[in-house]
Amino acid sequence: MADFAVVLNAGSSSLKFSIYGEPERSGWRLEARGQIDGIGSSPRFTASDGAGVRLADERMDAGVDGRGAFAALAAWLRSRYGGARVLAVGHRVVHGGARYARPTIVTPTVLEDLRELVPLAPLHQPYNLAAIDAVLERLPDVPQVACFDTSFHRGQPAVVEVVPLPRELCGGGVQRYGFHGLSYEYIASVLPAAAPEIAHRRVIVAHLGSGASLCAMNDGKSVDSTLGFTALDGLCMGTRPGSIDPGVILYLFQGLGLSAPEVETILYKKSGLLGISGISNDMRVLLGSSEPGARLAVDYFVYRAAKEIGALAAVLGGIDGLVFTAGIGENSAEIRQRICEASAWLGIELDEAANDAQGPRISRSGSRVSAWVIPTNEELIIARHTGVLLGLLQTGV
Ligand code: ADP
């Protein structure tokens, strides 16, 4: 095995990884990808090779925590690629704040800056940084690169970024940032090949996974998005509410006497699809349920998405294309159909057979606005940035 790079996407209950073989200048070769999910409950290690052939599928000890997950991944890499060198490790880091507008090589100063952003992304940032710490501990000489979900949205005009609170409060970085940028950057990078007629036009990309947002793009650049200062804004998500009247938060504190940690847990872990349904945060479970709570959760998810598509269409002055991606966007024909039907007024005419076949083009040929399903690949974007930044790849690939 040639030397390789590792891409890590560490979350609260999962550690996703991709292994890329040493590039031949023009690009990385995917060797393997996998994850340890169910950390803290019923952890499982799965991996497959670049062609999708299963390499591992094992239940792990229930006591395996984040550190245990890293130890297991390190052991698996040693057993499989022993003798080869780790060239670099690229990480998904959710929040880059105002300072990090592009991917960056991790130094002690960078790490310190990123730790300051933990309160802005408590569900993600601590785990992203723990992954960097774990690599530092095991492989202190291997260069690490942090790639941010916020970077793709930087450079928007003040009117998009402003948070309309008193100026003196907003000096310290209280502004709208936007997230899921690595996913949107990947989609923008493949649009010229996958959907050439809209690649340089006005497009809304719907990243619908356990986290969900929309990005308004013009000519492949982010113009606005539905997530803001934190990853709580905008669309209804698996366990996060999306936009709500801030007066409700005040009521939780003042009316119900809840503490800040309790409110944080409610907003990040107990709301959204899970909160409305009282059943699950998993869209598959909700779509398969006839419980009124599950139906309302799905109805609200679709309603909110359609409403925000209308808002971003106004920002763009009309749209030419709508792209669905991520777990729900790539796999649920029903959700796509319902969102497209609710957005028919924009000129989207769904091709139901193409939609059932998961695309890529899911609108009829005469549709004024075209609709698409394009699978995202955040890991590849991280691998590219890591390779370019460290001089392992030529730019622009
Ligand atoms: P993340 O990477 O943030 O964990 P994903 O992009 O993997 O999220 O999306 C997870 C979501 O996708 C879950 O709500 C899951 O139910 C949903 N999902 C996956 N497959 C399907 C499907 N076939 N139909 C409906 N929802 C699906």
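**Exercise 1. Find which residues of helix α3 are buried in this predicted model, and what covers them.**

Start with the burial list. In α3, the buried residues are Q125, N128, L129, A131, I132, A134 and V135.

Next, look at the spacing. An α-helix has 3.6 residues a turn, so residues three or four places apart point the same way. Keep that in mind as you click through the list.

Now see what sits over these side chains. The cover includes three strands, β1 (4-10), β6 (86-93) and β8 (144-148), along with the helices α1 (66-81) and α2 (108-115).

Last, check the helix itself. Running over residues 125-138, α3 has 14 residues. From its first C-alpha to its last it reaches 20 Å, close to the 20 Å expected at 1.5 Å a residue.

**Exercise 2. Work out how α6 and α15 are oriented to each other, and what their contact is made of.**

Two numbers get you going: two packed helices are described by the angle between their axes and the distance between the axes.

Here, α6 (residues 181-194) and α15 (residues 378-389) pack at about 85 degrees, with axes 8 Å apart. Angles of 65 to 115 degrees count as roughly perpendicular, so α6 and α15 are roughly perpendicular to each other.

Then list the contact. α6 brings L182, S183, E185, Y186 and S189, while α15 brings E378, L380, I381, I382, R384 and H385. Sorted by type, the residues of this contact come out as five nonpolar, three polar and three charged.

**Exercise 3. Do the same for α7 and α8, and add the handedness of the crossing.**

Helix α7 covers residues 246-254 and helix α8 residues 260-270; the angle is about 140 degrees and the axes are 10 Å apart. That makes α7 oblique to α8, because the roughly antiparallel label needs an angle over 145.

As for handedness, α7 passes α8 in a right-handed crossing.

On the α7 side you'll find I249, L252 and F253, and they meet A260, V263 and L267 in α8. The tally for this contact is six nonpolar, no polar and no charged.

**Exercise 4. Decide whether L191 and S367 are buried or exposed, and list their contacts beyond four places in sequence.**

Take L191 first, which lies in helix α6. Its relative accessibility is 1%, so L191 counts as buried. Beyond its neighbours within four places, L191 is in contact with P196, I198, A199, V203, V323 and I374. V323 is 132 residues away along the chain, yet the two C-alpha atoms are separated by 9.6 Å.

On to S367, in the loop between α14 (352-356) and β13 (370-373). At 8% relative accessibility, S367 counts as buried too. With the same neighbours left out, S367 is in contact with G347, I348 and E349.

**Exercise 5. Look at the backbone oddities at D219, A326 and P360.**

D219 isn't a glycine, but its phi is positive, at about 55 degrees. You'll find D219 in the loop between β10 (212-218) and β11 (221-225), and its 38% relative accessibility makes it partly exposed.

A326 also has a positive phi without being glycine, near 75 degrees. A326 is in helix α12 (residues 326-331) and is buried, with a relative accessible area of 7%.

Finally, check omega: the peptide bond from G359 to P360 is cis, with omega near 10 degrees. P360 lies in the loop between α14 and β13.

Key
Residues numbered from 1 in each chain as written. Predicted model: local features only at pLDDT ≥ 70, side-chain atom pairs only at ≥ 80, totals over all residues. Heavy atoms only, no water. Axes fitted to C-alpha atoms, helices over the stretch in contact; angles between N-to-C directions. Helix = DSSP H or I, 4+ residues; strand = E, 2+ residues; numbered from the N terminus. Parallel < 35°, antiparallel > 145°, perpendicular 65-115°, else oblique. Left-handed = near helix turned anticlockwise from the far one by under 90°. Contact = heavy atoms within 4.5 Å. Nonpolar A, V, L, I, M, F, W, Y, C, P; charged D, E, K, R; others polar. Expected span 1.5 Å × (residues − 1). Buried < 20%, exposed > 50% of the residue type's maximum accessible area, 1.4 Å probe, protein only.
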